[in-house]
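Work through the two exercises below with the sequence and the coordinates open, and try each task before reading its solution.

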Amino acid sequence: MDRTEQLRQFFAHLVTANAGVPAGSELEMAFASTPREDFVGPPPWRIFTPRGYIETTSDDPSYLYQDVVVSLGTQAPLNNGQPTLHAYCIHTLGLKKGEHVLHIGAGSGYYTTILAKLVGETGIVDAYEIEAELAQRASANLTALPQARVHARSGTIAPLPACDAIYVNAGATEPVAVWLDALKPQGRLLFPLTASSGGGAMLLVTRQNEDTYAARFLMQVSFVPCMGARDEATAEKLGKAFRNRNWSRHWSRVKSLHRNSDPDRSCWFAGKGWWLSTK
């Protein structure tokens, strides 16, 4: 085993352990077998910090095998997101061999690769990326995984195939109707519900039957906006909800999502045609 492989194995163990995933999991093996350097462009790499990006001083891959956010090298400020965050989210989706997953906002395909390895050769991953350059890079990066298909278009518009899970990696102001409609019974949608600032929280929605959805928040997050899944009036309302000093105390009480009905007294937040309930 060479040094880079050792770094990658330790990195995989680190990020999955940080995410609360048991050692030796398939998720750990997926991270350990996926070279991050293939997805973030050539060095010097740009690492995101609260003060902006800083550049690495060499092409040493050890810079990448840390729990850091790395620029994808595009003109727009798009990143390969924090590994521990994604490890936790992907683990929460509970993917199984043979399942059909949609990945919205696939970037250059790093986390698409992780998803594809988890569903295996009998599964399918449909990856959607609106940025043409990134979609092209993702297609090249995923050639060894025939179960993964890249679509160079928005993943917020029909048609979308019926699926077992949807993983969204850009901030939306609503659970988009085509996402909810695409879920099979017991299908899971995990997406960042975010305000104008980009801050918000990951919301897990599970379809129980035609019109009933369980829902719960996982954690606070910040994401770039998801084009086609934004409504500024709703974003303003979400901003006020997230700034409420009591919101974090109440968000853990959210238990269900409702569509096309009037909110009742259990409503935590209401958008256009949907609302979250504490019941």
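Two strands are said to pair if DSSP finds at least two bridges between them. The model used here is a predicted one.

**Exercise 1.** Describe the order of the strands in the open sheet, and work out which strands stand at its edges.

*Solution.* Begin with a pair: strand 5 (residues 100-104) and strand 8 (residues 163-168) run in the parallel sense and share 4 bridges, and within this pair L102 has I166 of strand 8 as its bridge partner. Next, extend the pairing to the whole sheet, in which 10 strands follow the order 7-6-5-8-9-10-11-12-14-13 with mixed pairing. Strand 7 (148-151) and strand 13 (267-270) each have a single partner strand, so they stand at the edges and one side of each lacks a neighbour in the sheet. From one strand to the next, the twist averages 25°.

**Exercise 2.** Determine which strands helix 7 touches, and which of its residues are buried or exposed.

*Solution.* First locate the helix: helix 7 spans residues 232-243, and its 12 residues reach 16 Å from the first C-alpha to the last, close to the 16 Å expected. Then list the residues under 20% relative accessible area, which in helix 7 are T234, A235, L238, G239, A241 and F242. Viewed down the axis of helix 7, these buried residues fall within an arc of 165°, and therefore they line one face, while K240 and R243 are exposed on the other side. Finally, turn to the packing: helix 7 lies on the sheet and touches strand 9 (183-194), strand 10 (199-207), strand 13 and strand 14 (274-277), with its direction at about 145° to that of strand 13.

Conventions:
Residues numbered from 1 in each chain as written. Predicted model: local features only at pLDDT ≥ 70, side-chain atom pairs only at ≥ 80, totals over all residues. Heavy atoms only, no water. Helix = DSSP H or I, 4+ residues; strand = E, 2+ residues; numbered from the N terminus. Expected span 1.5 Å × (residues − 1). Buried < 20%, exposed > 50% of the residue type's maximum accessible area, 1.4 Å probe, protein only. Arc of directions from axis to C-beta. Axes fitted to C-alpha atoms, helices over the stretch in contact; angles between N-to-C directions. Contact = heavy atoms within 4.5 Å.
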